[in-house]
Amino acid sequence: MHMTKVRVAVAGASGYAGGEVLRLLLGHPGVEIGAVTAGSNAGEPLGALQPHLVPLADRVLEQTTVETLAGHDVVFLGLPHGQSGELAEALSERDPDVVVIDCGADFRLEDPATWERFYGSDHAGTWPYGLPELPGQRDRLRGARRIAVPGCYPTISTLTLAPAVAAGVVTPDLVVVAASGTSGAGKAAKPHLLGSEVMGSVSAYGVGGVHRHTPEISQNLGRLTEEHLKVSFTPLLVPMPRGILATCSAPLTGALTAEEAHALYAKAYGEEPFVHVLPQGQWPQTQSVIGSNAVHLQVTVDEDAGRLVAVGVVDNLAKGTGGAAVQCMNLALGLDETTGLTTVGVAP
Ligand SMILES: NC(=O)C1=CN([C@@H]2O[C@H](COP(=O)(O)OP(=O)(O)OC[C@H]3O[C@@H](n4cnc5c(N)ncnc54)[C@H](OP(=O)(O)O)[C@@H]3O)[C@@H](O)[C@H]2O)C=CC1
Ligand SMILES: CC(=O)N[C@@H](CCC(=O)OP(=O)(O)O)C(=O)O
């Protein structure tokens with residue numbers, strides 16, 4: 001049977017997030033790739049920037065404008081913060097049915113004051129949040145026309161702590177220490193990402209509650225409890241291209257065994273296609289999820305410390321951005337949520 005393909009445009013196609021969206025779309029049976037756009041690299045062949053996307057190597061990057069992005073069923077935005085708002089508005093004005101999926105942060109936060117505090121600019125608005133695994137969220141994404149893809153650290157921190165917070169087995173006084181590969185920072189060269197400084201070294205940054213993902217983690221997990229939730233989030237940069245490992249802990253509210261904690265997590269994610277709770281005693285490693293949309297989790301109880309400890313891994317560019325974006329597109333279009341996505345990683 002002939003299936004009508006959905007026509008998709010990708011803005012920021014020369015970047016890491018846009019490149020990952022395209023990599024996944026090339027394996028998606030229901031999609032035809034239309035415009036691919038960039039900023040300073042407009043005019044270049046895509047193959048010069050993303051040589052791994054062989055079938056699109058000869059496509060020329062167009063300027064990112066309403067005109068080049070109009071006329072598609074779905075538009076993915078992989079642009080720096082602050083670039084999405086006006087563009088999305090103009091696209092929706094031109095075509096109210098277009099599905100716009102923003103990989104950036106512009107529409108993730110609900111509270112304008114919090115946005116202004118952490119991003120230092122005016123709040124653009126709030127769109128349905130693209131984490132279907134949050135309670136009730138999948139239904140909000142079905143048929144949605146605008147979707148805000150979560151940040152990479154918030155994705156893994158939220159999924160790693162959600163069952164414990166929702167069940168009330170921990171006091172929501174949460175500590176998250178998460179180590180990310182360097183692609184999380186995007187392609188544009190940054191002073192702290194010089195190869196000579198990143199290689200062979202691990203460093204902390206955004207310490208002391210100032211990282212932009214702190215309020216996003218709080219927003220997600222705060223919905224799961226009536227109590228006042230606090231999050232202490234510390235990101236680390238590690239010398240690998242992809243992947244995040246988040247170590248999360250919180251004080252237990254009462255007696256809980258490691259077996260009970262594991263059973264709680266296994267039940268919470270039993271029906272989720274992409275969230276895999278590992279067998280007890282096996283701890284997540286980033287290598288297992290690279291290139292896949294899978295999240296691997298493990299949880300235990302530190303009896304002496306009286307804390308629940310959970311560890312999660314994600315590929316920051318896949319389920320942490322591009323994979324989540326495609327998963328959300330599938331929901332928005334009424335397709336099977338897993339189309340074009342895999343739980344099979346690349347290892348070693
Ligand atoms: N990397 C990650 O793990 C994650 C990234 N994201 C988000 O995705 C978005 C893109 O990030 P990422 O791909 O990492 O960044 P990159 O720096 O790798 O890519 C940025 C892209 O935006 C384009 N661009 C930059 N400035 C402009 C402009 N003024 N007009 C039009 N296009 C422009 C660039 O084009 P050109 O090459 O021509 O300059 C490039 O295609 C960001 O909002 C980021 O926060 C979200 C979650 C995780
Ligand atoms: C390693 C590294 O630098 N990671 C990035 C992750 C941010 C990101 O990409 O997410 P947004 O979509 O919210 O920008 C950072 O800490 O800023």
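Two strands pair if DSSP finds at least two bridges between them, and the legends below use that sense of pairing for a predicted model.

**View 1. Ser180 of strand E7 has a bridge partner in E9 and another in E10.** Strand E7 covers residues 173-180, and with strand E10, residues 244-251, this strand pairs in the antiparallel sense over 6 bridges. In E10, Ser180 has Ile244 as its bridge partner, while Val176 stands opposite Cys248. With strand E9, residues 230-237, E7 pairs in the parallel sense over 8 bridges, and there the bridge partner of Ser180 is Leu237.

**View 2. An open sheet of 7 strands has mixed pairing.** The order across the sheet is E8-E9-E7-E10-E13-E12-E11, so that E7 is placed between E9 and E10 in a sheet whose strands pair through backbone hydrogen bonds, either parallel or antiparallel. The edge strands are E8, residues 203-204, and E11, residues 275-277, each of which pairs on one side only.

**View 3. A second open sheet is built from 6 strands with parallel pairing.** Its strands follow the order E3-E2-E1-E4-E5-E6. Strand E3 (62-63) and strand E6 (146-148) stand at the edges with a single partner strand each, so one side of each is left without a neighbour in the sheet. At the E6 edge, strand E5, residues 99-102, runs parallel to E6 and is joined to it by 3 bridges, and one of the residues concerned is Val100, whose bridge partner in E6 is Arg146.

**View 4. Ligand 1 is surrounded by 29 residues.** The closest of these residues are Ser14, Ala17, Asn41, Leu79 and Thr321. An N or O atom in the side chain of Ser14 lies 2.5 Å from an oxygen atom of ligand 1. Backbone atoms also take part in the contacts of ligand 1, with a polar backbone atom of Tyr16 at 2.9 Å from an oxygen atom of the ligand and a backbone N or O atom of Lys187 at 2.7 Å from an oxygen atom of the ligand. Taken on its own, ligand 1 has 900 Å² of accessible area, of which the protein covers 81%.

**View 5. Ligand 1 sits in the largest pocket.** The elements that give two or more residues to the shell around this ligand are helix H1 (16-25) and helix H11 (318-333). Sorted by class, the shell around ligand 1 holds 10 nonpolar, 17 polar and 2 charged residues.

**View 6. Ligand 2 has 14 residues around it.** Those that come nearest are Arg108, Gly184, Tyr205, His211 and His213. Side-chain N or O atoms lie at short listed distances from oxygen atoms of ligand 2, with His211 at 2.7 Å, His81 at 3.1 Å and Arg212 at 3.2 Å. The accessible area of ligand 2 on its own is 430 Å², and the protein covers 85% of that area. By class, the shell around ligand 2 divides into 6 nonpolar, 6 polar and 2 charged residues, and the space that ligand 2 takes is the largest pocket.

Terms used. Residues are numbered from 1 along each chain as its sequence is written. Chains are lettered from A and ligands numbered from 1 in the order in which they are written. This is a predicted model: local features need pLDDT of at least 70, side-chain atom pairs count only at pLDDT 80 or more; totals for chains, interfaces and linings use all residues. Side-chain values use heavy atoms; hydrogens and water are left out. A residue is near a molecule or strand if one of its heavy atoms lies within 4 Å of it. A polar contact is a pair of N or O atoms within 3.5 Å; within protein, one must be able to donate a hydrogen and the other to accept it, and residues adjacent in sequence count only if both atoms are side-chain atoms. Accessible areas come from the Shrake-Rupley method with a 1.4 Å probe; for residues, only the protein chains shown count as cover. On a 1 Å grid over the protein atoms alone, a cavity is a set of points where a 1.4 Å probe fits but cannot get out, and a pocket is an open set with protein on both sides within 12 Å along at least five of seven lines; lining residues have an atom within 4 Å of a point. A molecule sits in a cavity or pocket if more than half of its atoms lie within 2 Å of its grid points. Helices (H or I, at least four residues) and strands (E, at least two) are DSSP runs, numbered from the N terminus. Ala, Val, Leu, Ile, Met, Phe, Trp, Tyr, Cys and Pro count as nonpolar, Asp, Glu, Lys and Arg as charged, and the others, Gly among them, as polar.
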